[in-house]
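Colleague: Please take a close look at one part of this model, a residue with a side chain that reaches a backbone atom, and then set that part in its surroundings.

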Amino acid sequence: TKHDWYLSRDMAENYFLKEEYDESLKWAARGILSRDGKLESKVNLFAMIGDILEIKGFEDESIINKYMAYVIRNAKEWTIDDEVKNLLSNYGLDLENKDFKALFEEYKNMWVSLKYFGQERQYGVITKVFENGKAGFIKANGTSYYFHAFEFMDDKSYIYEGTEVSFYLEDAYNKSKDEMVKN
């Protein structure tokens with residue numbers, strides 16, 4: 001029921017050790033996208049995703065993740081492996097870059113895609129927005145799904161009844177009903 005980023009990190013590491021790379025990617029991306037924890041605390045998740053994507057043959061995406069880990073380390077003045085530095089310099093990347101927050105925003109959609117890898121995108125309409133504007137319901141295929149406004153990837157001003165949206169489903173726990181649900 002918890003969504004703390006470090007729990008996702010632990011799951012990603014466990015799946016990585018079992019060589020279940022698709023599951024590891026999903027959990028690592030979930031940890032990266034989690035609202036708790038600082039990006040710099042997640043530096044090893046970016047590196048892990050880079051390693052997995054390299055194993056799976058996705059060279060460009062692998063380099064982006066390794067570069068993200070590099071930029072964080074550079075900004076924090078942490079040690080950087082010479083092998084990684086040489087690899088990234090071969091791609092003509094700015095090795096002086098320290099703006100990991102801007103880099104994260106630029107490639108955020110990649111981590112969203114990894115989090116929901118293999119899942120079909122759903123389409124529906126917002127049918128209810130609570131007064132506080134922080135949550136509501138989306139109706140799709142005759143079913144209503146709860147959503148949090150912080151998960152909305154577009155301009156928050158579009159959160160109103162009647163807005164057509166696309167979304168992915170995620171397992172969640174409904175405390176009031178004491179059951180697992182899809183949000």
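Modeller: A polar contact is a pair of N or O atoms within 3.5 Å; within protein, one atom must be able to donate a hydrogen and the other to accept it, and residues adjacent in sequence count only if both atoms are side-chain atoms. The model is predicted, so to speak of local features pLDDT must be at least 70, and side-chain atom pairs count only at pLDDT 80 or more, while totals for chains, interfaces and linings use all residues. Numbering starts from 1 along each chain as its sequence is written, and side-chain values use heavy atoms, with hydrogens and water left out.

The part is Asn174. A polar atom of its side chain lies 3.1 Å from the backbone nitrogen of Lys177. Asn174 belongs to strand E5, where strands (E, at least two residues) and helices (H or I, at least four) are DSSP runs numbered from the N terminus. Its relative accessible area is 21%, and Asn174 counts as partly exposed; the term covers the range between buried, under 20%, and exposed, over 50%, with a 1.4 Å probe and protein chains only. Leaving aside residues up to four places away in sequence, Asn174 touches Glu179 and Val181, a contact being heavy atoms within 4.5 Å. Asn174 and Trp78 are 96 residues apart along the chain, and 41 Å separates their C-alpha atoms.

After E5 comes a loop that leads to strand E6 (179–182) and holds Asp178. Asp178 has a phi near 55°, positive although the residue is not glycine. Most residues other than glycine have a negative phi. Asp178 is exposed, at 58% relative accessible area. Glu77 also has a positive phi, near 60°. Glu77 sits in the loop between helix H4 (59–76) and helix H5 (82–89) and is exposed, at 67% relative accessibility.

On the other side of E5, the loop from E4 holds Glu170. Glu170 is buried, with a relative accessible area of 16%, and its side chain makes a polar contact with the side chain of Lys115 at 3.0 Å. Residues up to four places away in sequence aside, Glu170 touches Lys115, Tyr116, Glu151, Val181, Lys182 and Asn183. Val181 thus appears in the contacts of Glu170 and in those of Asn174.

Aromatic rings come next. Rings of Phe, Tyr and Trp (its six-membered ring) pair if their centres lie within 6.5 Å; planes under 30 degrees apart are stacked, over 60 edge-to-face, and the rest tilted. The whole structure has ten aromatic pairs. One of them joins Tyr116 and Tyr168, stacked at 4.6 Å centre to centre with 5° between the planes. This pair links distant parts of the chain, 52 residues apart: Tyr116 is in the loop between helix H6 (100–115) and strand E1 (122–129), and Tyr168 is in the loop between strand E4 (164–167) and strand E5 (171–174). Tyr116 is buried at 16%, whereas Tyr168 is partly exposed at 23%.

As for the wider setting, the chain has six helices and six strands, and the order from the N terminus is α-α-α-α-α-α-β-β-β-β-β-β. A nonpolar core is a set of buried Ala, Val, Leu, Ile, Met, Phe, Trp, Tyr and Cys residues joined through side-chain atoms within 4.5 Å. The largest such core has 33 residues, and those with the most contacts inside it include Phe46, Phe104 and Trp111. H1 (5–17), H2 (21–33), H3 (43–55), H4 and H6 each supply at least two residues of this core. A second, separate core has twelve residues, among them Val129, Tyr145, Ala149 and Phe152. Ring pairs also link Phe46, Phe104 and Trp111 into a cluster.

Of the 183 residues in the chain, 37% count as buried. Among contacts with a separation of 6 or more, 53% come from residues 24 or more positions apart. The C-alpha atoms fill a box of roughly 55 × 35 × 25 Å along the principal axes.
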